[in-house]
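Subject: Structure handover

Hello,

Here is the structure I said I would pass on. My notes on what turned up in it follow below.

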Amino acid sequence: MTYIENLGANAKAASRFIASASSMKKNSALAAIADALIKNTEKIIEYNKMDLNNAVESGMPASMQDRLMLDEKRIKAIADSVLKLIELEDPVGSVDSGFIRPNGLKIYKTRAPLGTIGIIFESRPNVTVDAATLCLKTGNAVILRGGKEAINSNKCLADVMREAVKASGLPEDIIQLVGDTSRECAAELMKLNKYLDVLIPRGGAGLINAVVNQATVPVIETGTGNCHVFVDESADIKMAAEIVNNGKTQRPSVCNAIESLLVHKNIAQKALPAIKNLLDEHNVEIRGCARTAEILGNSVVSALEADYGTEFLDYIISVKVVDSVDEAIEHINRYGTGHSEAIVTKNIENAEKFQSEVDAAAVYVNASTRFTDGGEFGFGAEIGISTQKLHARGPMGLNELTTFKYLINGNGQIR
């Protein structure tokens, strides 16, 4: 049995125990994890510094180093998110519907764990805890495979969680980390159909495409966020500037940050300079169309076709002046990734049209795309943002990590 197969077998065996664990037992384990994270803060930071030093040596961009970094404040925030999970209702075993057939059979549609989940992700060590604890709460066993850039942080976090789970009376193998970050191990994990029920990639377009194209295990596609803001001709310019600035600069390296700005031609002369003033405070590079350059001048880099389809994850934004809301919608549906899109407008008809016709998991009116997040939606921590339409879409919280099981009770019926 290979290393990956052994992890799969361990997860499969442990999944039977966690699937039937009571809410009280699972919540006790979550509380133990949160407590252990706080108690081991110094140790976690020490291991994280190894990854940060490697990141500097390898020339990792500053925005990506920010995703990698853990400090006392972030570790506390991670622990707090685990505690919030305890407060959320456990979906496992809940009855979605029930009915009695004419033959007397009583049929109940209930929620059940997915089983064993594999998660392949990049850079952000907080995902290690988010993913593990969400799976625990929903009665799933999980195999985590992070990137080499965060391997020291991830090993430390996984060890801390496994010890806490074991101390609370559950099998530690409900949480396992792939210690080998080679492509060969990742490829084997993608084909571990005998043990995995579903595989969830969380990261950049390259990672997600690789998993979708190579995996034989069922995949839930998440993450890639080529998100847009469209400033309609009736928009409040101050509001538009603040929404664009927040969406682009608050944390540019995350999937719900905006990458592209569309501005109606009738408001572009006033809106673009106001938006640029805020973006300039963060030295955002603007890659714009010819009309954008006419308004903003030589500071604009001429946009290539590829720029409109790029998830920059950096202080770069593509800009285009459009003639109508229809052109904006067409542009978004062509270049967007189905993640999060926003319109700033005072026109109710255009707002409704935009929300109706834009094909994305989350469509905003007069608000930042940065709210596409499990915590902001009230779901607690999230496993990722699903950009597909099966089995889940948008922020994947507790319910999205369960499936359905039909329970049928009879008194001797035969067919």
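**Helix 2 and its neighbours**

The axes of helix 2 and helix 6 (residues 126-137) approach within 9 Å and cross at roughly 160 degrees. Angles over 145 degrees count as roughly antiparallel, and helix 2 and helix 6 are therefore roughly antiparallel to each other. Their crossing is right-handed. On the helix 2 side the contact is made by Lys26, Asn27, Ala29, Leu30, Ile33 and Leu37, and on the helix 6 side by Val129, Thr133, Leu136 and Lys137. By class, the residues of this contact are six nonpolar, two polar and two charged. Please keep in mind throughout that this is a predicted model.

Helix 2 (residues 23-39) also meets helix 7 (residues 151-167), with axes that come within 8 Å and cross at roughly 135 degrees. Helix 2 and helix 7 are therefore oblique to each other. This crossing, too, is right-handed. Ala32, Ile33, Ala36 and Leu37 of helix 2 touch Leu157, Val160, Met161, Ala164 and Val165 of helix 7. The contact consists of nine nonpolar residues, with no polar and no charged ones. Ile33 and Leu37 thus appear in the contact with helix 6 and in the contact with helix 7.

Helix 2 also holds a salt bridge between the side chains of aspartate 35 and lysine 39, at 3.0 Å from N to O. Both residues belong to helix 2 and are four residues apart, about one turn of the helix. Side chains of opposite charge can pair when their charged atoms come close. The count of salt bridges comes to 21.

**The hairpin**

Strand 1 (residues 95-100) and strand 2 (residues 106-113) run antiparallel and are joined by five bridges. One pair to look at is glycine 98, whose bridge partner in strand 2 is tyrosine 108. The two strands form a hairpin with five residues between them, and glycine 104 in the turn has a positive phi of about 95 degrees.

**The seven-stranded sheet**

An open sheet of seven strands has the order 10-9-11-8-7-12-13, with parallel pairing. Strand 10 (301-302) and strand 13 (362-365) are at the edges with a single partner strand each, so one side of each has no neighbour in the sheet. Within the sheet, strand 7 (residues 227-231) runs parallel to strand 12 (residues 340-344), and four bridges join them. Valine 229 has alanine 342 as its bridge partner in strand 12.

Two helices can be placed against these strands. Helix 11 (residues 268-280) packs on the sheet and touches strand 7, strand 8, strand 9 (285-288) and strand 11, with its direction at about 155 degrees to that of strand 8. Helix 10 (residues 237-249) lies across strand 7, strand 8 (258-264), strand 11 (316-322) and strand 12, and runs at about 160 degrees to strand 8.

**Two backbone points to check**

Most residues other than glycine have a negative phi, and most peptide bonds are trans. Leucine 313 has a positive phi, near 55 degrees, and is found in the loop between strand 10 and strand 11. The peptide bond joining leucine 390 and histidine 391 is cis, with omega about -10 degrees. Histidine 391 sits in the loop between strand 14 (385-386) and strand 15 (394-395).

Regards

Conventions:
Residues are numbered from 1 along each chain as its sequence is written. This is a predicted model: local features need pLDDT of at least 70, side-chain atom pairs count only at pLDDT 80 or more; totals for chains, interfaces and linings use all residues. Side-chain values use heavy atoms; hydrogens and water are left out. Two strands pair if DSSP finds at least two bridges between them. Axes are lines fitted to C-alpha atoms, for helices over the stretch in contact, and angles run from 0 to 180 degrees between N-to-C directions. Angles under 35 degrees count as roughly parallel, over 145 as roughly antiparallel, 65 to 115 as roughly perpendicular and the rest as oblique. A crossing is left-handed if the near helix is turned anticlockwise from the far one by less than a right angle, and right-handed if clockwise. Contact means heavy atoms within 4.5 Å. Ala, Val, Leu, Ile, Met, Phe, Trp, Tyr, Cys and Pro count as nonpolar, Asp, Glu, Lys and Arg as charged, and the others, Gly among them, as polar. A salt bridge is a side-chain nitrogen of Lys or Arg within 4 Å of a carboxyl oxygen of Asp or Glu.
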